[in-house]
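Hi everyone, thanks for making time this morning. Let me put the structure up on the screen, and then we can walk through a couple of places together.

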Amino acid sequence: MNRSSYVTRNRAVRNRAIPSRVTRAASASALLVALVGASMLEAQSATSGQAPVPANPYTSVSRWTPPPLPGGKKPITQDTYDEWRTISGSSLSNDGKWAAYTLSPVVGEGELVVRATAAATEYRAPRGFTGRPQLQPAADSAAQFSAQPAQFSANGQFVAFTMYASRADVERARSRRGTPTPRNGLGIMNLADGTLTRVAGVRSYRFARTGGRFLAYLLEDTTAAPRNGAGAAPAVPVAPRRENGVTLVLRDLTASTEQRIEGVTAFAFDDDEKWLGYTVSTRDGAGNGAFVRALASGAVTPLLTGQATYRGLTFDRKGTQVALVADLGDSTPKPKMAVYHASLVPTKGKPITARKIVAATEAPAGLLIAERGALNFTREGNGVIFALGNVPMDSIPADSLADKAGYDLWHWKDTQIQPQQRVSANRDRNRTYTALYTIASGKWTQLANDSLRVTVSNDGRRVLGINAVEYAIPQFWGEGASDAYLIDPITGARTLIAKGLDGNAQLSPGGNYVTWFEKGQWVSYATATGTKSVLTDKLPVKFQDEEFDSPDVPPPYGLGGWSTADKRVLVYDRFDIWEVDPAGVVAPKNLTDGDGRRAGMTFRVVSLDREDPFLDAATPLLLRAVDSLTKASGFWRDRMGVDVKPEKIVMADRNLNGLQKARNAEQYLLTQSTYRDFPDLYTGTTIASTTRISDANPQDAQYPRGTVELVSWLNGDGIPLRGLLHKPENFDPSKQYPMVVYFYEKLTDGLHNYVAPSGRNTVNPLVYNSLGYLVFQPDIVYTDGQPGPSAAKSIIPGVQALIAKGFVDPRRVGITGQSWGGYQSAYLITVTNMFAAAVPNATVVNMTSAYGGIRWQSGLARAFQYEHTQSRIGGSLWEYPERFVENSPLFKLDRVTTPVLFMANDNDGSVPWYQGIELYVAMRRLQKEAYMVVYNGDEHNPTKRANQKDIDKKMIEFFAVKLQGAEAPSWMVRGIPFLEKGRDQVKMSDTTAGGTAPVRPNGGK
C-alpha cells in the first residue's frame, strides 16, 4: 500500500465532518443493491447458508478456446520475459557527438552501446552478466543488481565503463563453495575507432569534470598479506582500523602512458583537471600520507605525512583548496579524527601543506569527528562542511546475556516505537551531525543534532534547521509537524521562524528566503530582514491538490525553481506556473498565461543543467506538458520576466520523457514511447526534430501486441470516470471475450507507457491479451470513510458499461489487485457475484486488527494509514468503529460465491501476513473455495525471481480454469502437502518401484 502521501503531517481532522452521498448507517450491501440491481447482486446474508457448489468444483464455465495467434506470431511464455531488454544509464558526451547506454536483458549478458548522434557509427562492447535475477528474497534494494552507467571523458574522446564477470563465471562461483567471487574489470573505449582496452581487477575509476586527458583507476588487491611465518602477526604492527592501500593507475589518454602509485586508499580529481589528490596507507607505514599531484607537471606535493588513517579528501569547485580528515599523531587504540585544510594557491615563502582546522579534542562530549561522514566545501568555497558522529558504544560480549533476560521495552513516551528503532538502528548507530568551519573567521559550529536536520546555503552564510521531534508522538497516528529555525553559522544561535508546519520549509538556493506551504498558501520569510510574506493569497486558483481524495490536508503542487539571486520563485498550480516575487512586492504573474488550465494541460519546469541551482531568466525556460484528457505529452518554451505566451516545441500522443542536453552543445536526447513502442532513445539538435538511435527490442514484432484505449462511464454518484481497456491483437467486437479487471487507484496516466511482457503478482496486459483476455484498468474516486463502497461504485459500473457493449462475456469476468488493490478486490466479492474468479494479493481483510499492527519494513504503526492516508477511514478505531467494520471484507465473507486465490507472504513488511491467514481461515470455516500461497521469507511484492514467476504462473492457471474452463492443475485439485513441499520445484528420483507417488484427489482423503 505504498503512496507518496504517507509522509505524515500535522492534521486537524479529529472532529471534521466526513462528506458522503450515503449515510454512515447505510451498509455496503444495501448501497450496492441500489447501485447494481438485484440481478447482479445475489450475495448471501449471514443466515442464508452456503452457496450451491457447481457440479465441477474446479470449472464453473464451459471450455472457451482463445482465438489463434495472428499469423506468424509466437506465443508469449515465461521464457519470453527474460529476453526483453532495457536501456539504462543513457548519456550524451559534452560535445553532443556521442550517446552511450547499457542494453541489458532481464536475464543474461548486457552490452555497452556508443552511438554517433549525427551519423550511423556505432560501437558495442560486452558488459558481462548485467541482467541478474534476484535469487534470494530481500527487501533491501541493494540486493537488486544494477549496472553502473558508463562515463564519457570531458572531451568526448573516450568512454570508460565497468566490465562485469560473465554469467557462466558468476553462476560457477555461486554453485561451487570456496570459489572466489569474480572481480570487475574496466573497459576503455577510444571513440576515434572503437578500440577497446580491458583492464582486469578494477575497484573504481574516475574522470575529471572537465579536461579529458586523464583517467585514474584503483586496482583490486590480488595479493595476500605478507606474514612472518605461518600464522604469525605482521612484521610491523599497525593500529586498528588501518587499511592497506592498493595500486592507483593514472593513465594519460592522450599520450597513452601510465603512472602507478602504490598503497593508495582513495583518490579524487579537481573539477578542472589540474590536480589529482590521493591518500596512501602501506603495511609498513612507509610513504603514508595525503598528497596532491599537479597534472600538468607531474610534481607531487605532500599535504600530510605519517602513520595515520586518511579519509574524505575533497577539492573545492575552483580547485584552489583541499580538505580531509585524518587521525595523524593519535596512537591510542581508538584514534580520533581531526579536520585538515590546505590552500593550493602558492604563497611566497610558504610551502603548500595542510593545517589542522578542527582538532579531535574540540568535538563536544559524546561526539567525535566522523571518519566516514560527509566532507565538502560550500558551493562558494568559503566554508568546509564536515560531520560529527556519536562515540561508539561498547559492544556487549556475545555470550554475556546467555543467562540473562532478553527483551524490548516499549515505553509510551518513546519518540519512535521499538520496531522503528530496530529498522533504523544501523542508521542511528552511524548517524552524523552537520558542522561548518567558516574559513574567514577560522571558527566552526555544530549545526545539526539528534533533533535538528539542516540545510546550508551555497555561501554558508544561511542555515535552515528543521525540528520534528516535538511532534514525533502524534506523528505515530499521522499528525506530525515540524518547526523551522534560522541558525547563525558562526554562533549556532537559533531563531524560530515557523512552528507546527504541515510540510517542510525550504531554503532558497541563494539563502535569501525560506519558503513553506501554510493554510493553502505559499509563504516566504526573508532571512536578512525577518519579513514574512504570504505570496499566493490574492490569486484565483488553488495551489494544493484539487483532486485529493484522502481524509487529510491536500499537499501543494510544489515549486518549479528559483531565478538567479533568488529574484523570483516559480510556483505550480494544477495546470499552470506562476512567477512570484518572494519579497511579496511585485504582483505575481501567470507565466504560462492560463493556457494550461484552459487546455486542461499541466506545465512543469524542466531544468537541463543539474549543476546550476538557479534558472537563468535571460534564457528561454523549458517546460514539459501533459494533456490531462488524452495523456499526450511534449515540450514547450516560455520566458520569465516578459509577457509572452508559452510556445509549443513538440506535442504528440506519446510519452516524451527523460530529456537531456549535452553540456557544451545543442544536442538533445530523450525517450519516446507508446503502449506499442518501447522507449527507445531519440536525439537531435532540436527537441522538435529527433531521430531514433536505439532498437532495444526488435523481437517485439514477433509477438502479439494488442491495443489500449481510454473508456468512460459514470460511477454510482454520477461522477465521470475513465479507465484503460487493453484488447488482444485482431480483436473482434462481434465476439465475447473473458476479461480480467486489475486496478490501483488511478492508472490512466499510463496510457502511453510501453508494456514489456513480464510476470509477477500483478496483471501484465500484454501477456493476458496474448492469452485471449481483455484487461480493464478502471480509475477510482473515493469518499472519505467509505473506501470499499467507493471502489464498488467506481469499478462495478465500469465493468457493466463494458458488458453492455457486447464483447465481454459476463460469465467470464475476473478481478485482481495487489495490496490496496487486493483489499478492494476482496471487498468487491462480498458485495457482488459478478466476478467468476478473484486474486486479492497481499490484502487486508480486517481493518480492526490491521489498524493496530505494524508495517514491519518501516517499523511504523499502521494507524496513520487508516486515519489519514490510503485506507481513508478518516479517524481512529474509537471514533469510527462502524467504518472499520463496514469496510472490512472479513465480516461479509459468508456472502462470497467467488473462488479466490491469493498471495500472503510471511515476511511482508507492509501488510501483516496474518491478514491473509484471517482470510484463509474464514474461507475455510465457511467452506468457500480458496487457495493461499505463502512465499517463505519474501516481501510484500515478491523479490525472488522464482517466486515472481511462480505466482504469475498460478494466477494464469487459476484464471484459465475459472474464466476459460481449462483443466485444473494439480495444486488446485489436491494441494501440496507439507511433506511434499518443494517436490514440484525440482526433479526427484523415483521413490517407489513403480515411480513417483501417485497423485490422489483432495490430498488423498
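Let's begin with a question: on strand 2, which residues lie on one side and which on the other, and are they buried or exposed? Keep in mind as you look that this is a predicted model. On one side of strand 2 we have Trp98, Ala100, Thr102 and Ser104, and on the other Ala99, Tyr101, Leu103 and Pro105, and all of them are buried. That fits the count for the strand, residues 98–105, where 8 of 8 residues are buried.

Now for the partners of strand 2. Strand 1, residues 85–92, runs antiparallel to strand 2, and 6 bridges join the two. If you'd like a pair to click on, Ser88 has Thr102 as its bridge partner in strand 2. The hairpin of strand 1 and strand 2 has 5 residues between the strands, and there Gly96 takes a positive phi near 75°.

Strand 3, residues 108–116, also pairs with strand 2 in the antiparallel sense, over 6 bridges. Here the pair to find is Ala100 opposite Val114 of strand 3. The hairpin that joins strand 2 to strand 3 does so through 2 residues.

Let's jump along the chain to helix 15, residues 945–964. Its 20 residues reach 27 Å from first C-alpha to last, close to the 28 Å expected at 1.5 Å a residue. Why do we call helix 15 largely enclosed by the rest of the structure? Because 17 of its 20 residues are buried. Just after helix 15 comes Gly965, with a positive phi of about 75°.

That's my tour, friends; over to you.

Technical notes
Residues are numbered from 1 along each chain as its sequence is written. This is a predicted model: local features need pLDDT of at least 70, side-chain atom pairs count only at pLDDT 80 or more; totals for chains, interfaces and linings use all residues. Side-chain values use heavy atoms; hydrogens and water are left out. Buried means under 20% relative accessible area, exposed over 50%, partly exposed in between (1.4 Å probe, protein chains only). Helices (H or I, at least four residues) and strands (E, at least two) are DSSP runs, numbered from the N terminus. Two strands pair if DSSP finds at least two bridges between them. The expected span of a helix is 1.5 Å times one less than its number of residues.
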